[in-house]
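Me: I would like to learn how to read the empty spaces and the packing in a model. Could we go through it feature by feature, with the general idea given before each case?

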Amino acid sequence: MTSFPPAKHDALGLDGLLGPQEREVRDRVRQFAEREIAPVIADYWERAEFPFPLVPGFQKLGIGGGALKGNGCQGLSLLSCAMAGIELARVDGSCSTFFLVHTFLATLTVGMLGSEEQKRELLPDMANFRKVGCWALTEPSNGSDASALTTTATRVDGGWRLNGRKRWIGNSTFADIAVIWARNSESGAVNAFIVRKGNPGYSAKKMENKIALRCVQNGDILLKDCFVPDADRLPGVNGFGDTNKVLALSRVMVAWQPVGLALGAYDMCARYLSQRRQFGAPLASFQLMQEKLQRMLSTIQAMWLMAWRLTQLCEAGTMTHEQASLVKAWTTLRGREVVSLGRELLGGNGILSEFLVAKAFCDAEAYYSYEGTYEVNALVAGRGATGISSIKPPRRGGAQVQA
């Protein structure tokens, strides 16, 4: 695979739902992804290495600050950010996740919940990937039940001492800035802290043997008497509920990521079927091939439209957690279906990473489970449909009804 195929996935004129800024960002990121990422990424994926030589290209894209305004951030619309995310995912899911973790978790947290001093110091470099961030909430014993985190923050002279472990933290092995969520040992409330690269109490070990998002450097973080000065506590965080201020926006972006994977898989398959010949005819001329290809295409249109509508609701300030979970659960479920069909259409070549469909097939598994597993998101959506929460069973046999 020497070149990425042209975009052929817009069957319903979805481009017409974008404004000038969204189109410009999409085209800029698409060009970078097709020309710079696509030719090299399969080798990095096979080696499970992060493509550091691509970082200077990210620095020129003007997307690192996302929707934040001021302090060097670009102030893009949320839909423009989504277009950046899906164009990266269209070519490589790991690069899309690198962008999301940095921009819509670490940078967003500083921008939304940091002090003015913290914003002035950190955001100019984070907005252009000169400093890369990670975001550490998940722990070895607490994934879906993240509010039960056990990492502690203890008051000491001049600051705080952090102790605990974090797991599955993307970018953590090389990040310049780590946003660490920890429980205040005095009040029991959850606080957030900035831990800087080189802190002797912070270490991150790369997690090995992943089958998905292999370029993402997920790490096991160990915090051992990690001192953080008072100036590096995020003052806007006063409890676990403040995580939702960040996750509400990042979940919108995650809902778009399987759309990007599906777009890339479709474009690869459309070209492959037109070029590959069997029994004296192109594969594109066979009925079974056409049925699968159009099923991919129709599902993609629906995925795109659901994510687009969710983005509209979020920008209007009317999106609910249940709506975000409904869309994230559905797009990740259907994304698995689309990349699975793509793997079938490529036959034996569908299991070779160099054709990129196999890579998307594997990467979809991570999207299905992170930022809320499919099951948890489905239950949150179910709560919205019924008014009854089934995530935590009733303690005494009574139904838990939402007010």
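Reply: We start with the definition of empty space: on a 1 Å grid over the protein atoms alone, a cavity is a set of points where a 1.4 Å probe fits but cannot get out, a pocket is an open set with protein on both sides within 12 Å along at least five of seven lines, and a lining residue has an atom within 4 Å of a point. Grid points are joined across faces, edges and corners, and a volume is the space filled by probe spheres set on the points. This is a predicted model, in which local features need pLDDT of at least 70 and side-chain atom pairs count only at pLDDT 80 or more, while totals for chains, interfaces and linings use all residues. Residues are numbered from 1 along each chain as its sequence is written, and side-chain values use heavy atoms, with hydrogens and water left out.

Me: How many cavities of 30 Å³ or more does the structure hold, and which residues lie nearest the centre of the largest cavity?

Reply: There are three cavities of 30 Å³ or more, and the largest has a volume of about 70 Å³. Its lining is made up of 14 residues, with A89, R90, V91, L356 and A360 nearest the centre. Helices and strands here are DSSP runs numbered from the N terminus (H or I over at least four residues for a helix, E over at least two for a strand). In these terms α4 (78-91), α7 and α10 (357-369) each supply at least two residues of the lining of the largest cavity, and α7 gives the most, with four.

Me: What is the make-up of the lining of the largest cavity by class?

Reply: The classes are set by residue type: Ala, Val, Leu, Ile, Met, Phe, Trp, Tyr, Cys and Pro are nonpolar, Asp, Glu, Lys and Arg are charged, and the others, Gly among them, are polar. On this basis the lining of the largest cavity has nine nonpolar, two polar and three charged residues. The second largest cavity, of about 60 Å³, has a lining of three nonpolar, three polar and four charged residues.

Me: Where does A48, one of the residues that line the second largest cavity, lie in the fold?

Reply: A48 sits in the loop between α2 (41-47) and α3 (55-59). A residue is buried under 20% relative accessible area, exposed over 50% and partly exposed in between, with a 1.4 Å probe and protein chains only; A48, at 10%, therefore counts as buried. With contact meaning heavy atoms within 4.5 Å, A48 is in contact with K206, R214 and Q217, its neighbours within four places in sequence being left aside. Although A48 and Q217 are 169 residues apart along the chain, their C-alpha atoms are separated by 8.0 Å.

Me: What volume does the largest pocket have, and which element supplies the largest share of its lining?

Reply: The largest pocket holds about 1,500 Å³ of space. It is lined by 43 residues, and those closest to its centre are G143, S144, R251, E371 and G372. The largest share of this lining comes from α7, with five residues, and the lining as a whole divides into 20 nonpolar, 15 polar and eight charged residues. N377, in helix α11, touches R251, E371 and G372, among others, not counting residues up to four places away in sequence, and N377 is buried, with a relative accessible area of 2%.

Me: How should I check the length of α7, and how many of its residues are buried?

Reply: The expected span of a helix is 1.5 Å times one less than its number of residues. The 33 residues of α7 (residues 243-275) should therefore span 48 Å, and the end C-alpha atoms are 48 Å apart, which agrees. Of these 33 residues, 27 are buried, so that the helix is mostly covered.

Me: Which residues have the most contacts inside the largest nonpolar core?

Reply: In soluble globular proteins, nonpolar side chains tend to be buried together. A nonpolar core is a set of buried Ala, Val, Leu, Ile, Met, Phe, Trp, Tyr and Cys residues joined through side-chain atoms within 4.5 Å. The largest core here has 114 residues, and I37, F58, I63, W181, W256, M296 and W304 have the most contacts inside it. α7 gives the most to this core, with 19 residues. Apart from it lies another core, of 17 residues, among them C134, I180, A182 and F193.
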